[in-house]
Amino acid sequence: FEARIIAGDIYFNNPILDWMAANVAIKEDESGNIKPVKMTRDNVLKVDGIIMLVMCVGLHMVWQEEQKSAYSERGLRVI
């Protein structure tokens with residue numbers, strides 16, 4: 001998700017998502033996995049929209065991997 005944001009593949013033109021993005025921090029666990037978290041424990045700050053976007057991008061990447069065409073592996077057969 002972060003790489004796609006930096007590359008400009010994902011952008012939002014939405015003031016609410018901009019506000020949520022400003023509330024997000026990144027937390028890394030002991031295994032090296034990273035996840036978006038709230039910058040503070042303030043219940044007024046919301047990050048749900050950003051987490052939803054991360055989940056959607058992940059699902060889209062899995063879907064793209066599963067949708068590989070048979071033609072890309074074996075080529076086009078002409079009869």
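Is Leu 17 buried or exposed? Select Leu 17 and keep the question in mind while you look around; the model on your screen is a predicted one.

**Stop 1: Leu 17**

Leu 17 is found in helix 2. The answer to the opening question is buried, because its relative accessibility is 16% and the cut-off for buried is under 20%. Now show its neighbours. Setting aside residues up to four places away in sequence, Leu 17 touches Phe 12, Gly 49, Ile 50 and Leu 53. Try a distance label from Leu 17 to Leu 53: the two are 36 residues apart along the chain, and their C-alpha atoms are separated by 9.7 Å.

**Stop 2: Pro 15**

Next, click on Pro 15, which also lies in helix 2. Pro 15 is exposed, with a relative accessible area of 65%. For another distance label, pick Asn 33 as the partner. Pro 15 and Asn 33 are 18 residues apart in sequence, and 29 Å lie between their C-alpha atoms.

**Stop 3: where helix 2 meets helix 3**

Select residues 15-22 for helix 2 and residues 48-66 for helix 3. How do you describe such a pair? Two packed helices are described by the angle between their axes and the distance between the axes. Here the axes come within 7 Å and cross at roughly 95°. The two helices are therefore roughly perpendicular to each other.

To see the contact itself, show side chains on both partners. From helix 2 come Leu 17, Met 20 and Ala 21, and they meet Asp 48, Gly 49, Ile 50 and Leu 53 of helix 3. By type, the residues of this contact divide into 5 nonpolar, 1 polar and 1 charged.

**Stop 4: along helix 3**

Now turn to helix 3 on its own. Its 19 residues reach 27 Å from the first C-alpha to the last, close to the 27 Å expected at 1.5 Å a residue.

Which residues of helix 3 are buried? Colour Gly 49, Ile 50, Leu 53 and Val 57, and you have them. Then rotate until you look down the axis: these buried residues fall within an arc of 95°, so they line one face of the helix. Bring back the surroundings to see what covers them, including helix 1 (2-7), helix 2 and strand 1 (24-28).

**Stop 5: the other face**

Finally, give a second colour to Asp 48, Met 55, Leu 59, Glu 65 and Glu 66. These exposed residues sit on the face of helix 3 turned away from its buried side.

Methods: Residues numbered from 1 in each chain as written. Predicted model: local features only at pLDDT ≥ 70, side-chain atom pairs only at ≥ 80, totals over all residues. Heavy atoms only, no water. Axes fitted to C-alpha atoms, helices over the stretch in contact; angles between N-to-C directions. Helix = DSSP H or I, 4+ residues; strand = E, 2+ residues; numbered from the N terminus. Parallel < 35°, antiparallel > 145°, perpendicular 65-115°, else oblique. Contact = heavy atoms within 4.5 Å. Nonpolar A, V, L, I, M, F, W, Y, C, P; charged D, E, K, R; others polar. Expected span 1.5 Å × (residues − 1). Buried < 20%, exposed > 50% of the residue type's maximum accessible area, 1.4 Å probe, protein only. Arc of directions from axis to C-beta.
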